[in-house]
Amino acid sequence: MMVSMSARDELREVRKEGLLGDLLDPLTWRTALYVLLAFPLGALTATLLTSGVVMGVLTLPVLLGAVLLLGALWLVGGLADVQRGLARLLGVTFPRPALPPSYTGVLPWLRGVLSEGSTYRALLFHVVQFPLAALSWAVLGTLLALSAAGLSAPLWLGQPGTALTWKAATVQAGTLAQVGGVLLGLGSLLLSGGVLNLMGRVWSRLARALLAPDEGAAARREVLALRRAAGRVALGDDLDATMQDLTRQACAASTARTVTLLTPGGAVRATSGTALDDVASPPPLPGELRVWVDGGRTLADLPVTLPAGVSGGTLRAVYPPGRRPGADELAFLVSMADHAGTALHAAELIERASVRAGEEERARLARELHDSVAQALYGITLGAKTARATLDRDPSEAGRNRTQASLDYTIRLAEGGVSEMKALLFSLRPDALEEGGLVAALTQHAHALEARHGLTVHADLGHEPRLTPDAQAAAYRIAQEALHNVVKHARAGQVWLSLHGAGGTVTLTVRDDGRGFDPQAQGRGTLGQRSMRERAAGAGGTLTVDSELGAGTTVTLTLPAVLTEAEAG
């Protein structure tokens, strides 16, 4: 890691140019506003806390004092929040508080507040604020009075030759005295700017030391942010939304005013926090972690890496002047950058899987079309040509019969091709199951099976069962797999397909007259059987496979039916 700023540089990061550097620095004027508000706020805080404690002690015997003391203790934390907000004028920002614990009673709350070190540090800040603000007012008031007196010297010294009397001495005020007074005023004004700059450093250091939350609270906040980020990355539904949520979590759990995710090319991918026009400038150095100062602000660049060291961009945290991240916060931001890299990698894997699935599906459709529809079309063409040639050669009755047979063959091939094409279209449109229902889907598949493989399918499907959409999809896919196994392994001539509902359950059965197998030798079953069992369990049903060598195989699926209002009642 390259760190371009030391602790001493932190005090010098506000660039000064010339004698008017302090007066032209916006931080100087914000510090002046802070000092202006600190004195009355300190007086109000001292008055509220002192009166609350004194009145609480005096009225403690009548139980009212306990309420006043608890209120004073609550004010310590409440006024500390006000002071943290006011410290933003000095460029000091604090991370947003973690989710507060649920309220469980007065005593647990009291124990929690008294056990936190931040309570006593905040109380010390309230105690120190009033006298320090009074001292700041006195110093600035004196300097401003000298500045006003010096700059107005030509007015109150009058014209050259004016006599000034001090006790018994009389001095003639000339032009030189007026010039000296003006120079004294300018010097006091410049000194006021420098003193304000010094006061800003003192107040900002005091605020960081006494108003910063406990390290345990910061750790809990970072852990909570990491848990949320991990959950968002695991969800992986929308990459842009995931990246935006990661920047939001990183900004909320850190002291940075802006957190931005940049692409390897330096473009903004997602940002959260204070809106800045130059969050991407200057461009980051790919693959390098560094903390550096640019234009009075502190930048922390953390690389977002993918597997094999591929760069996924940069996570950039922007801090206000006078603030730099500590080692613990940098470690947290590195973890958030790693989460961003994981999200990018997961999105790439999903995209590759989608492309691969599309390629495999196109290859499957090509095989299906070649094995079924293309052969059917070839048979139709051949049958039509045969019928025409037979009719031309032999117009007799026997010739017409042979022509009729060829036409019948052609018609059967056409019907089989139409059924096969419907089955393919159905497999391309999953919503057709909802439109046509399970019975229609199984009927189409049975017709395609007969046309393609010459099997005799005895379908006894009955009425449309009362199943949820997920259960319908599971039943259809299980029937597909079972019939595919019949064609591939069973060497059967006939298949019996039945679907019936009774007693709150729906039963789907696929039975064949094939060669069967020994279930004991199969162990837990083939991959196809495991897939069918998983689908059945996912839909809340059960699957059984019964088979004997030479006696065929029976696959039985049992699913829970959807109850009507009368049955549910």
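Which residue caps the N-terminal end of H10? The views below, all taken from a predicted model, begin with that residue.

**View 1. Helix H10 and its N-terminal cap.** Asp238 caps the N-terminal end of H10, with a side-chain oxygen 3.2 Å from the backbone nitrogen of Asp240. The helix covers residues 239-253, 15 residues in total. From its first C-alpha to its last it reaches 21 Å, close to the 21 Å expected at 1.5 Å a residue. Buried residues of H10 include Thr242, Asp245, Leu246, Thr247 and Gln249. At the C-terminal end of the list, Ala250, Cys251, Ala252 and Ala253 are buried as well.

**View 2. Met243 and Ala270.** Met243 is found in helix H10. Its relative accessibility is 1%, so Met243 counts as buried. The C-alpha atoms of Met243 and Ala270 are separated by 6.1 Å, although the two residues are 27 residues apart along the chain.

**View 3. The aromatic pair of Tyr34 and Trp203.** Four aromatic pairs are found in a search of the whole structure. In one of them, Tyr34 and Trp203 meet edge-to-face, 5.4 Å centre to centre and with 65 degrees between the planes. Tyr34 belongs to helix H3 (residues 26-58) and Trp203 to helix H8 (residues 175-211), so the pair ties together parts that are 169 residues apart in sequence. Tyr34 is buried, its relative accessible area being 0%. Trp203 also counts as buried, at 1% relative accessibility. Ring pairs link these two residues and Phe125 into a cluster.

**View 4. The aromatic pair of Phe39 and Phe130.** The ring centres of Phe39 and Phe130 are 5.5 Å apart and the planes are at 25 degrees, so this pair is stacked. Phe39 lies in helix H3 and Phe130 in helix H6 (residues 117-151); the pair therefore ties together parts that are 91 residues apart in sequence. Phe39 is partly exposed, with a relative accessible area of 24%. Phe130 is likewise partly exposed, at 31% relative accessibility.

**View 5. Arginine side chains over tryptophan rings.** The charged end of Arg290 sits over the ring of Trp292, at 3.9 Å from the ring centre. In a second case, the charged end of Arg511 sits over the ring of Trp496, and the distance to the ring centre is 4.2 Å.

**View 6. Strands S9 and S10 with the crossover through H14.** Strand S9 (residues 456-460) pairs with strand S10 (residues 494-502) in the parallel sense, over five bridges. Val457 has Val495 in S10 as its bridge partner. Between the two strands, the chain passes through helix H14 (residues 469-490), and this β-α-β crossover from S9 to S10 is left-handed.

**View 7. Arg491 in the loop between H14 and S10.** Arg491 lies in the loop that follows H14 and leads to S10. What is the sign of phi at Arg491? The phi of Arg491 is positive, about 55 degrees, although Arg491 is not a glycine. Most residues other than glycine have a negative phi. At 70% relative accessibility, Arg491 counts as exposed, because the cut-off for exposed is over 50%.

Definitions and conventions:
Residues are numbered from 1 along each chain as its sequence is written. This is a predicted model: local features need pLDDT of at least 70, side-chain atom pairs count only at pLDDT 80 or more; totals for chains, interfaces and linings use all residues. Side-chain values use heavy atoms; hydrogens and water are left out. Helices (H or I, at least four residues) and strands (E, at least two) are DSSP runs, numbered from the N terminus. The expected span of a helix is 1.5 Å times one less than its number of residues. Buried means under 20% relative accessible area, exposed over 50%, partly exposed in between (1.4 Å probe, protein chains only). A polar contact is a pair of N or O atoms within 3.5 Å; within protein, one must be able to donate a hydrogen and the other to accept it, and residues adjacent in sequence count only if both atoms are side-chain atoms. Two strands pair if DSSP finds at least two bridges between them. A crossover is right-handed if, with the strands pointing away from the viewer, the path from the first strand over the helix to the second runs clockwise. Rings of Phe, Tyr and Trp (its six-membered ring) pair if their centres lie within 6.5 Å; planes under 30 degrees apart count as stacked, over 60 as edge-to-face and the rest as tilted. A charge sits over a ring if NZ of Lys or CZ of Arg is within 6 Å of the ring centre and within 35 degrees of the ring normal.
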